[in-house]
Amino acid sequence: MKSLLFTRFFIFLPWILIVIIMLDVDTRRPATPISPRPYFSPYAVGRGGARLPLRRGGPAHGSEKRNQSRPQLQPEPQLPTIYAITPTYSRPVQKAELTRLANTFRQVAQLHWILVEDAAARSELVSRFLARAGLPSTHLHVPTPRRYKRPGLPRATEQRNAGLAWLRQRHQHQQRAQPGVLFFADDDNTYSLELFQEMRTTRKVSVWPVGLVGGRRYERPLVENGKVVGWYTGWRADRPFAIDMAGFAVSLQVILSNPKAVFKRRGSQPGMQESDFLKQITTVEELEPKANNCTKVLVWHTRTEKVNLANEPKYHLDTVKIEV
Ligand code: UDP
Ligand code: MN
């Protein structure tokens, strides 16, 4: 009898220990946070004050939990699509620039990338890159005429216009424009994720400061009582809109209702591209200041140093062909 009890005790002991250990491990596991606290909040304030994710279906921890507690029947308000027009041209740093840009854009919900190559045809490098970028995109190309490829002349005029033409064509048959916002994203600038939250609420034309531009640490629209009243700039302060290409966004509605508004080659002085374009679609009084009344720099006009390829071989090339 005694030995039977002993045997049973030793048979059950390991199982009891396993159950105790499992219970202990489970209670020690940290609870999933209800709201994630990353360095940058991935939740944007959408129209109507609804909390909307910066990137839908993104890897934010705890997002599934949040969805479970939210009533499923309530449809999410439609996020305005952000259309980013990026002119780009072939050079040694091109793929590096596009990689950084795609890494930023991938964090942004409902963004459509319009990449316009300054080339006679779509290149294989960019085509392959876009196919793997994991972003809704449109790949266009138009070459800059040789006579305009000179220092001192505006760059990427034809490419931005090609982006505008695509946007207008795509939406031409719609009675009412889908909510959308357009901005011009050069491939070498640096964009904070907060910038996309700011521009998404653009009603007509919105503006904000740009860092590292115009020979200064930053340029910005001067704001009084919520209105733009002038420009803080170190260069040609007489420009009607003394603002860099990276400093404004335009609603899709405004682009569609001004079908002739384009970037001009003829009659445009250096540095006047932005003013010439904005003059066609808005007035200074109408501008909507973003980034806390234009007091925060959320985009930087960074420029990449020309790479040193002095040691590239002319003969005895590598045995494999490698895309850089
Ligand atoms: N760009 C282009 N073709 C050119 C030169 C520039 O498509 O011949 C593009 C470039 O990739 C960038 C934008 O036009 O997206 C502005 O050019 P860049 O950054 O050289 O101008 P900056 O920094 O002087 O404003
Ligand atoms: Mn640049």
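## A tour from strand E3 outward

Select strands E3 and E4 (residues 111-117) to begin: the two pair in the parallel sense over seven bridges, where pairing requires that DSSP finds at least two bridges between two strands. Helices (H or I, at least four residues) and strands (E, at least two) are DSSP runs, numbered from the N terminus. This is a predicted model, in which local features need pLDDT of at least 70 and side-chain atom pairs count only at pLDDT 80 or more, while totals for chains, interfaces and linings use all residues. Residues are numbered from 1 along each chain as its sequence is written, and chains are lettered from A and ligands numbered from 1 in the order in which they are written.

Within this pair, pick Ile 85, whose bridge partner in E4 is Ile 114. Follow the chain next from E3 through helix H3 (residues 94-105) to E4, a β-α-β crossover that is right-handed, meaning that, with the strands pointing away from the viewer, the path from the first strand over the helix to the second runs clockwise.

Now colour E3 (residues 81-88) by burial, a residue being buried if 20 or more other C-beta atoms, placed from the backbone, lie within 10 Å of its own. Seven of the eight residues of E3 are buried, so the strand is largely enclosed by the rest of the structure. Add strand E6 (residues 180-184), which runs parallel to E3 and is joined to it by five bridges; Gly 180 of E6 is the bridge partner of Thr 81.

Widen the selection to the open sheet of seven strands, which has the order E5-E4-E3-E6-E12-E8-E13 and mixed pairing. The edge strands are E5 (137-141) and E13 (288-289), each of which pairs on one side only. Helix H4 (residues 124-133) packs on the sheet and touches E3, E4 and E5, its direction making about 170° with that of E5; such angles run from 0 to 180 degrees between N-to-C directions, with axes fitted to C-alpha atoms, for helices over the stretch in contact.

Finally, centre on ligand 1, around which there are 14 residues, with Pro 87, Tyr 89, Asp 118, Ala 156 and Asp 186 coming nearest; a residue is near a molecule if its C-beta atom, placed from the backbone, lies within 6 Å of it. The largest share of this shell, three residues, comes from E3.

Technical notes. A residue is buried if 20 or more other C-beta atoms lie within 10 Å of its own, exposed if 12 or fewer, and partly exposed in between; C-beta atoms are placed from the backbone. Two residues are in contact if their C-beta atoms, placed from the backbone, lie within 7 Å.
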